[in-house]
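The questions below ask what justifies the terms used for this model. Each answer sets a value beside the criterion for the term.

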Amino acid sequence: MTDTFCLTVNGARHVLPHPEDRTLLDILRSELKLTGAKYGCGMAQCGACTVLVDGRPARACVLRASRAANCQITTLEGLADAETGALSPVQQGFLECEGAQCGYCLNGMVMTATALLADNPSPSREEIRAALRHNLCRCGTHLEIIASVERAAELLRGGAS
Ligand code: FES
Ligand code: FES
């Protein structure tokens, strides 16, 4: 085993001490100070820790960081425009439609919705529900969350209002 490994996060390559069996979530939060992904259940059940690995949603709380060494990882911090700071359409949709009440589940909702809309820019309400079914919201904000994703889809298609 080598002493270091490389992780590419939000387009930046990081050389880090080998993570042994540490999780990707641990490395992101502790070593790279990227705290958008949250620790909820730690058991791949709630979605709070979701990041994109090669564009697909992944549960960073159970994914060994070493397994992601040759992948492109995107975190919540990587969604906004790096130069202007402009929010991504999904972030903007959640802002406009008040899809965030707690800020804890929000990361997983936004990341999962980002992956959904990359695949399907015009999802039906049922398709949005299906995509988000494993991201838990315990406070009853589901309707606003779905409206946020619908608004994000509209923004992605170029809709102004
Ligand atoms: S913290 Fe990873 S799924 Fe709950
Ligand atoms: S908005 Fe996070 S639990 Fe409902």
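**Hairpins, sheet and helix packing**

Q: What makes the turn in the hairpin of E3 and E4 stand out in its backbone angles?
A: In this predicted model, Asp54 takes a positive phi near 50 degrees in the hairpin of E3 and E4, where 2 residues lie between the strands.

Q: How do you know that strand E3 and strand E4 are paired, and which way do they run?
A: Pairing requires at least two bridges found by DSSP, and 4 bridges join E3 (residues 50-53) to E4 (residues 56-59), so the criterion is met. The two strands run antiparallel, and Thr50 stands opposite Arg59 in E4.

Q: What makes E1 and E2 a pair, and what lies between them?
A: The same criterion of at least two bridges applies, and 6 bridges join E1 (residues 4-9) to E2 (residues 12-17), with the strands running antiparallel. Leu7 has His14 as its bridge partner in E2. E1 and E2 form a hairpin with 2 residues between them, and Asn10 in the turn has a positive phi of about 55 degrees.

Q: Why are E2 and E4 called edge strands of the sheet?
A: The open sheet consists of 5 strands in the order E2-E1-E5-E3-E4, with mixed pairing. E2 and E4 each have a single partner strand, so one side of each is left without a neighbour in the sheet. From one strand to the next, the twist averages 40 degrees.

Q: Which strands does H3 touch where this helix packs on the sheet?
A: H3 touches E3, E4 and strand E5 (72-74), and the direction of H3 makes about 30 degrees with that of E3.

Q: Why are H2 and H3 called oblique to each other?
A: Helix H2 (residues 89-97) and helix H3 (residues 106-119) pack at an angle of about 130 degrees, with their axes 9 Å apart. Roughly perpendicular covers 65 to 115 degrees and roughly antiparallel needs an angle over 145; the angle of about 130 degrees fits neither range, and H2 and H3 are therefore oblique. H2 passes H3 in a right-handed crossing. On the H2 side the contact is made by Val90, Gln91 and Phe94, while the residues of H3 include Met109, Val110 and Leu117. By class, this contact of H2 with H3 has 7 nonpolar, 2 polar and no charged residues.

Q: How do you know that H2 and H5 are oblique to each other?
A: The axes of H2 and helix H5 (residues 142-156) come within 7 Å and cross at roughly 130 degrees. That angle is above the 65 to 115 band for roughly perpendicular and is not over 145, so H2 and H5 count as oblique. This crossing of H2 and H5 is right-handed. Among the residues making the contact are Pro89, Phe94 and Cys97 of H2 and Ile145, Val149 and Leu155 of H5. The contact of H2 with H5 has 10 nonpolar, 3 polar and 3 charged residues by class.

Q: What makes domain 1 and domain 2 neighbours in contact?
A: The chain is divided into domain 1 (4-78) and domain 2 (89-159). Contact means heavy atoms within 4.5 Å, and 20 residues of domain 1 are in contact with 15 residues of domain 2. The C-alpha centres of the two domains lie 21 Å apart.

Terms used: Residues numbered from 1 in each chain as written. Chains lettered and ligands numbered in written order. Predicted model: local features only at pLDDT ≥ 70, side-chain atom pairs only at ≥ 80, totals over all residues. Heavy atoms only, no water. Axes fitted to C-alpha atoms, helices over the stretch in contact; angles between N-to-C directions. Parallel < 35°, antiparallel > 145°, perpendicular 65-115°, else oblique. Left-handed = near helix turned anticlockwise from the far one by under 90°. Nonpolar A, V, L, I, M, F, W, Y, C, P; charged D, E, K, R; others polar. Domains from an automatic or database assignment.
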